[in-house]
Amino acid sequence: MAFELIIFYIFSTILVGSALAVITVRNPIYAALFLVLAFFTCAGVWLLLEAEFLAITLVLVYVGAVMVLFLFVVMMLDINLAPLKEGFIRFLPVGVAVGVIILIQMAMILGPENFGLEKFAMPVGQGEDYSNTKALGRILYTTYVYPFEIAAVILLVAIIAAISLTLRKRPDSKKQNVADQVKVRREDRVRLVKMPATKKDEVQS
């Protein structure tokens, strides 16, 4: 238990430091890399809690797909950082005030009177035949089935709204009609030309 506690504090320190670096560094590339580090350390904390499925999902989905795509977009756009830095000092008091309010709220909710070993005991270690994915699926589709379905509907509506907002008709762009391509016949595309056969001497003359 002492070794696991040391590993937890090491991972937690790295996680908090990388999370602070994400919002404090000026370069968006560095911020994305620090966010990748935060995801990896968070996955390590989840491994300590025997949540292997969530840990590998976090690494594969967020680090392997989302953050790589974000890095490609940032590097290809070549964002000019000078306009982004303008007005930073002007909005600094508002940002500090919002940050202090969030810290106070987190301290009130995550205080020792609500969280601690006397409130929540240490998680019991599971056997070798324990399946984290099976347990997660059982809880998700029994106890939390309605919140899960509501979240799925909200995500579907968000996807449809994003497609609808970004869909633009350009009159100058060329596009293909798939229905016309499916209905096409051989006679519409191919024309057979019959020519009489000629000998080599007749062609030269």
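**Figure 1. Surface and overall make-up of the predicted chain.** In this predicted model, the chain exposes about 17,900 Å², of which carbon and sulfur atoms supply 69%. Of the 205 residues in the chain, 11% are buried. The chain contains ten helices and zero strands, so that its elements, read from the N terminus, run α-α-α-α-α-α-α-α-α-α. Of the contacts between residues at least 6 apart in sequence, 58% join residues at least 24 apart.

**Figure 2. Packing of helix α1 and helix α2.** Two packed helices are described by the angle between their axes and the distance between the axes. Here, helix α1 spans residues 2–24 and helix α2 spans residues 28–48; their axes come within 8 Å and cross at roughly 155 degrees. Because this angle is over 145 degrees, α1 is roughly antiparallel to α2. The crossing of α1 past α2 is left-handed.

**Figure 3. Residues at the contact of α1 with α2.** From α1, the participants include Ile 7, Phe 8, Phe 11, Ile 14 and Leu 15. Among the residues that they meet in α2 are Phe 34, Leu 35, Leu 37, Val 45 and Leu 48. Glu 4 of α1 also takes part, as do Thr 41 and Gly 44 of α2. By class, the contact comprises 15 nonpolar, three polar and one charged residues.

**Figure 4. Surroundings of Ser 18.** Ser 18 lies in helix α1 and belongs to the contact with α2. Its relative accessibility is 2%, and Ser 18 therefore counts as buried, the cut-off being under 20%. With residues up to four places away in sequence left out, Ser 18 touches Phe 34, Leu 37 and Ala 38.

Definitions and conventions: Residues numbered from 1 in each chain as written. Predicted model: local features only at pLDDT ≥ 70, side-chain atom pairs only at ≥ 80, totals over all residues. Heavy atoms only, no water. Axes fitted to C-alpha atoms, helices over the stretch in contact; angles between N-to-C directions. Helix = DSSP H or I, 4+ residues; strand = E, 2+ residues; numbered from the N terminus. Parallel < 35°, antiparallel > 145°, perpendicular 65-115°, else oblique. Left-handed = near helix turned anticlockwise from the far one by under 90°. Contact = heavy atoms within 4.5 Å. Nonpolar A, V, L, I, M, F, W, Y, C, P; charged D, E, K, R; others polar. Buried < 20%, exposed > 50% of the residue type's maximum accessible area, 1.4 Å probe, protein only. Areas by Shrake-Rupley, 256 points an atom, 1.4 Å probe, with all protein chains shown as cover.
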